[in-house]
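Hi,

Here is the structure I promised to pass on. Have a look at it first, and then my notes below should make sense.

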Amino acid sequence: MKQRILSLSVACSLALLAGASAAQGMKASGDSASARMRAPGAGLATPTAVPSVAIPAAAVAQRSSNAPRSADFIVAVVNSEPVTNVEVQQQYERLRAQAEANNMPAETARRQALEMLIGQKIQLQMAAERNITVDNFAVQQAEESVARQNSMTMPELRRRLASEGIPEAQFRADLKKQLVIQKLREAEVDSKVRVSDLDIDQYLREQKAKAGMASAATQLNLGHILITVPENASDDQVKQLQAKAQQAADKIRAGEDFGAAVAEFSDVPDGKGGGAMGLRPADRYPELFVKATQSTPLGAIAGPVRSPAGFHILKVLEKTSGEVPAIVTQSHARHILLRPGPQLSEAQAVERLEDYRRRVLAKQDTFEDLAKRYSEDGSAKEGGDLGWASPRKFVPEFEEALNALQPGEISQPIASRFGIHLIQLLERREAKLNQREQRDMVRSIVRENKLEQAFSTWAQEARARAYVEYREPPQ
């Protein structure tokens, strides 16, 4: 995801209020059970919950702080809650640099600032009705994440906030609002988004169409059955051989093992190898084969198709797209999860996990034993073992903490939508993704796209249901 170069104030307001303009939204997945942490496209396969922010010079904020103060009056009412002129002016100042860079007229930018505030108030009101709250620990973690994304320490971040004229309390309040809306979105939108195999196939076809055939970037491993047609075969012979090829295809589609069908029907010498032709760039296969299997999903067959050599039946054993990396860095980790609730406050959960960390480092306990005894995740019986995981498997706050660890290290407690975690990285490796794993990565991409669309629709519907009254400025 491309990063925009924004001031801190602009970044926070855009991330918080994006739903109002239905242009973009904070992205998150929907399943709430951390036992599903590794399920592709569910639970823990989302982009960052805190905006990736690169902080430039503070000219915009300084200009805002030096600007004359506008008269205050109500410009709109949102379900009985007022939006004031001062709020709109502050929001406009946050957006002005971006608007000027895009040659947006000032009046249009002010209108957009108002609409963003209306969207914010609607969503925060919905969150309040559902008793959605965010604890201080999550806000602190989000603040630290912004600092890390900008290669800053916390003292450096505070100095930059001061230089931009942003009170730290305001910055934390903006982050808290953003996180509240994130939790609302998770409950109202993300949990309802599903990705089917048809969605994945359609995405791959669209990507292939955008790049033409992109055959050089696609690799295939095809299973092959050839029913040879002699050069001078009569029409009757051709019909008999075509019927034989169709019989083979029908048996495979009915459930017969492809390798058994190869042994029974194929005339090619690689029949003993199950008919597999090997993973190779698509442009090294006959064009007939590539076209025949272009829309064939993994594990399915195409054919019979006719060539001068005879009738071919093709099975897609592997298919890798240039959009998905063939080799990735995988992580093997354990974790302990505590879920704050009526009997356990967030602060108490953090304190317990800090104690567990101290005990492991002092060799008084093992991480595995503590996970078995105390973790509230489905992985507890396995000592918190999450197995090998490719990128994009975990929610961003979890993955960010995991990526910062070296093998053997243990994180500080970190908060996610599931609770408070303690993470131990066991090892890393470079791994070649199989077809299923590559499709899992595509599933995450497709899910993010669907989340964007779903959130945009949801935000528009929420706006349509709300009572909004615009007020004229006093004369």
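**Helix packing: H3 and H4**

Keep in mind that this is a predicted model. Helix H3 (residues 85-101) packs with helix H4 (residues 106-129) at an angle of about 120°, and their axes are 8 Å apart. The two helices are therefore oblique to each other, since an angle has to be over 145 degrees to count as roughly antiparallel. As for handedness, H3 and H4 make a right-handed crossing.

Which residues of H3 and H4 make the contact? On the H3 side they are Glu-87, Val-88, Gln-89, Gln-91, Tyr-92, Leu-95 and Ala-99. H4 brings in Ala-106, Ala-109, Arg-110, Gln-112, Ala-113, Leu-114, Met-116, Leu-117 and Lys-121. Sorted by class, that contact has ten nonpolar residues, plus three polar and three charged ones.

**Salt bridges**

Side chains of opposite charge can pair when their charged atoms come close. How many salt bridges does a search of the whole structure find? It turns up 26, and here are some you may want to pull up on screen.

Start with Arg-130, which has two partners to look at:

- Glu-129 forms a salt bridge with Arg-130, with 3.7 Å between the closest N and O atoms.
- Glu-188 also forms a salt bridge with Arg-130, and here the closest N and O atoms are 2.9 Å apart. This pair links distant parts of the chain: Glu-188 sits in helix H7 (residues 168-188) and Arg-130 in the loop between H4 and helix H5 (136-149), 58 residues apart.

Are these side chains buried or exposed? Arg-130 is partly exposed, with a relative accessible area of 37%. Glu-188 is partly exposed too, at 23% relative accessibility. Glu-129 has 62% relative accessibility, so it counts as exposed.

H7 comes up again in another pair: Arg-158 and Glu-168 meet through their side chains in a salt bridge (3.0 Å, N to O). That one also links distant parts of the chain, with Arg-158 in helix H6 (residues 154-163) and Glu-168 in helix H7, ten residues apart. Both ends are partly exposed, Arg-158 with a relative accessible area of 36% and Glu-168 at 33% relative accessibility. Elsewhere, Asp-355, Arg-358, Arg-359, Asp-365 and Arg-373 are joined into one network by salt bridges that share partners.

**Backbone oddities**

Most residues other than glycine have a negative phi, and most peptide bonds are trans. A few spots are worth checking against that.

Where is the cis peptide bond? It runs from Gly-303 to Pro-304, with omega near 10°. Pro-304 belongs to strand S5 (residues 301-307).

On the phi side, Ser-80 has a positive value, near 80°, and is not a glycine. Ser-80 is in the loop between strand S1 (74-78) and strand S2 (81-84). With 65% relative accessibility, Ser-80 counts as exposed.

Asn-131 is another residue other than glycine with a positive phi, near 55°. Asn-131 is found in the loop between H4 and H5, the loop that also holds Arg-130. The relative accessible area of Asn-131 is 66%, so this residue is exposed.

That's what I have for now. Shout if anything looks off on your screen.

Cheers

Key: Residues are numbered from 1 along each chain as its sequence is written. This is a predicted model: local features need pLDDT of at least 70, side-chain atom pairs count only at pLDDT 80 or more; totals for chains, interfaces and linings use all residues. Side-chain values use heavy atoms; hydrogens and water are left out. Axes are lines fitted to C-alpha atoms, for helices over the stretch in contact, and angles run from 0 to 180 degrees between N-to-C directions. Helices (H or I, at least four residues) and strands (E, at least two) are DSSP runs, numbered from the N terminus. Angles under 35 degrees count as roughly parallel, over 145 as roughly antiparallel, 65 to 115 as roughly perpendicular and the rest as oblique. A crossing is left-handed if the near helix is turned anticlockwise from the far one by less than a right angle, and right-handed if clockwise. Contact means heavy atoms within 4.5 Å. Ala, Val, Leu, Ile, Met, Phe, Trp, Tyr, Cys and Pro count as nonpolar, Asp, Glu, Lys and Arg as charged, and the others, Gly among them, as polar. A salt bridge is a side-chain nitrogen of Lys or Arg within 4 Å of a carboxyl oxygen of Asp or Glu. Buried means under 20% relative accessible area, exposed over 50%, partly exposed in between (1.4 Å probe, protein chains only).
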